[in-house]
Amino acid sequence: MAAELTYERIAKRIDHSLLGPTLTESELEEGCRIAAEYDVASVCIKPFAVSLATRLLSGTNVEVGTTIGFPHGGHATSVKVFESQQAIDDGATELDMVVNIGQVLGGNWSEVASDIGAVVKAAHGRGAIVKVIFENCYLKDEQIVQLCRICGEVGADYVKTSTGYGTGGATHEDLILMRKSSPPHVKLKAAGGVRTLDQAIAVVDLGCDRFGASKTAEILDELKGRLKSR
């Protein structure tokens with residue numbers, strides 16, 4: 001790969017995904033335990049469980065993240081802001097917000113920018129970061145480029161490919177386009193379809209600072225084995 005393969009290079013780019021609709025509280029607790037054991041970057045957990053994750057991950061190097069306007073982005077902006085404030089109250093330091101997909105498709109760019117900007121302002125005012133989810137499977141390249149431009153202008157921290165619950169996830173073509181279309185200060189996150197170590201290495205090589213994964217233990221166990229065999 002382009003840079004040396006180390007444990008930290010992969011593990012500290014993982015947002016361990018705990019968003020499945022059927023996950024129980026005991027499974028969410030187990031997910032937080034896995035995140036701590038493998039020392040990943042963060043968990044991205046269901047909003048109601050942010051306070052649980054904050055308690056379980058206290059004293060670790062794992063950040064607590066959650067979703068805003070998930071999964072379709074159709075919440076009123078005021079609701080997204082309230083969600084953001086509630087999540088931060090509960091201990092979240094990272095917010096993955098979904099754009100209003102219908103407004104993007106309709107070309108309502110001022111409303112889209114206002115929506116993203118309001119969440120960014122609420123988060124940054126209290127020390128949290130924002131990853132803006134596009135849901136690229138529904139978008140044309142020119143819409144992706146415009147969203148990258150808007151995210152740069154309103155100060156978003158990351159652009160993110162997808163929720164993982166649309167009709168498609170992160171593609172290499174989209175990641176290349178998003179990295180090229182975003183200003184340097186905006187980071188890149190892949191979500192949806194990163195299930196193996198080789199897939200994780202590939203998205204990191206394409207410039208991803210984070211990627212979402214539910215197969216975290218499997219990916220990192222394989223990485224440990226590969227590093228050990230060198």
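This is a short dialogue on reading local features in a predicted model.

Colleague: Let me start with charges: how many salt bridges does a search of the whole structure find?

Modeller: The search turns up 17 salt bridges in this predicted model. A good one to begin with joins aspartate 15 to arginine 210, where the closest N and O atoms are 2.7 Å apart. Aspartate 15 belongs to strand β1 (residues 14-18) and arginine 210 to strand β8 (residues 210-213), so this pair ties together parts that are 195 residues apart in sequence.

Colleague: Are aspartate 15 and arginine 210 buried or exposed?

Modeller: Aspartate 15 is buried, at a relative accessible area of 1%. Arginine 210 is buried too, with 9%.

Colleague: And how are glutamate 37 and arginine 33 placed in helix α2?

Modeller: They sit four residues apart in helix α2 (residues 25-38), which means a separation of about one helical turn. Glutamate 37 and arginine 33 form a salt bridge, with 2.7 Å between the closest N and O atoms. Here glutamate 37 is partly exposed at 48% relative accessible area, and arginine 33 is partly exposed at 42%.

Colleague: Which helix holds arginine 226 and glutamate 222?

Modeller: Both are in helix α10 (residues 216-228), four residues apart, or about one turn of the helix. Salt bridges that share partners also build a network, joining Asp15, Glu94, Asp96, Lys131, Lys160, Lys189 and Arg210. Back in α10, the side chains of arginine 226 and glutamate 222 meet in a salt bridge with an N to O distance of 3.0 Å. Arginine 226 counts as partly exposed, at 26% relative accessibility, and so does glutamate 222, at 37%.

Colleague: Let's turn to helix packing. At what angle do α9 and α10 pack?

Modeller: Helix α9 (residues 197-205) packs against α10 at about 85°, and their axes are 9 Å apart. Angles from 65 to 115 degrees count as roughly perpendicular, so α9 is roughly perpendicular to α10. On the α9 side, Leu197, Asp198, Ala200 and Ile201 take part, meeting Ile219, Glu222, Leu223 and Arg226 of α10. Sorted by class, this contact has five nonpolar, no polar and three charged residues. Glu222 and Arg226 appear in the contact, and they are also the salt-bridge pair from before.

Colleague: Now for contacts across the sequence. How far apart are threonine 66 and glutamate 94 in sequence and in space?

Modeller: Threonine 66 and glutamate 94 are separated by 28 residues in sequence, yet by 6.6 Å in space from C-alpha to C-alpha. Threonine 66 lies in strand β3 (residues 63-68) and counts as buried, at 0% relative accessibility. Leaving aside neighbours within four places in sequence, its contacts include Cys44, Ile45, Val50, Ala92, Glu94 and Asp96.

Colleague: Which residues does serine 42 contact, leaving aside its neighbours within four places in sequence?

Modeller: Serine 42 touches Ile14, Asp15, His16, Val62, Glu63, Glu94, Lys131 and Arg210. Among them are Asp15 and Arg210, the pair from our opening salt bridge. Serine 42 is in strand β2 (residues 42-45) and is buried, with a relative accessible area of 1%.

Colleague: How many disulfides does the structure hold?

Modeller: A disulfide is a covalent bond between the sulfur atoms of two cysteines. This structure holds zero. For cysteine 32, the closest cysteine sulfur is in cysteine 44, 11 Å away and too far for a bond. For cysteine 151, the closest is in cysteine 148, at 6.7 Å, again too far for a bond. Cysteine 32 is buried at 1% relative accessible area, and cysteine 151 is buried at 0%.

Colleague: Last, the backbone. Which peptide bond is cis, with omega near 0°?

Modeller: Most residues other than glycine have a negative phi, and most peptide bonds are trans. The cis bond runs from phenylalanine 70 to proline 71, and proline 71 is in the loop between β3 and α4 (77-90).

Colleague: And where are aspartate 39 and glutamate 135?

Modeller: Aspartate 39 is in the loop between α2 and β2, and its phi is positive, about 55°, although it is not a glycine. Glutamate 135 is in the loop between β5 (129-133) and α7 (141-154), with a positive phi of about 65°. Aspartate 39 is partly exposed at 29% relative accessible area, whereas glutamate 135 is buried at 2%.

Methods. Residues are numbered from 1 along each chain as its sequence is written. This is a predicted model: local features need pLDDT of at least 70, side-chain atom pairs count only at pLDDT 80 or more; totals for chains, interfaces and linings use all residues. Side-chain values use heavy atoms; hydrogens and water are left out. A salt bridge is a side-chain nitrogen of Lys or Arg within 4 Å of a carboxyl oxygen of Asp or Glu. Helices (H or I, at least four residues) and strands (E, at least two) are DSSP runs, numbered from the N terminus. Buried means under 20% relative accessible area, exposed over 50%, partly exposed in between (1.4 Å probe, protein chains only). Axes are lines fitted to C-alpha atoms, for helices over the stretch in contact, and angles run from 0 to 180 degrees between N-to-C directions. Angles under 35 degrees count as roughly parallel, over 145 as roughly antiparallel, 65 to 115 as roughly perpendicular and the rest as oblique. Contact means heavy atoms within 4.5 Å. Ala, Val, Leu, Ile, Met, Phe, Trp, Tyr, Cys and Pro count as nonpolar, Asp, Glu, Lys and Arg as charged, and the others, Gly among them, as polar. A disulfide is a pair of cysteine sulfur atoms within 2.5 Å.
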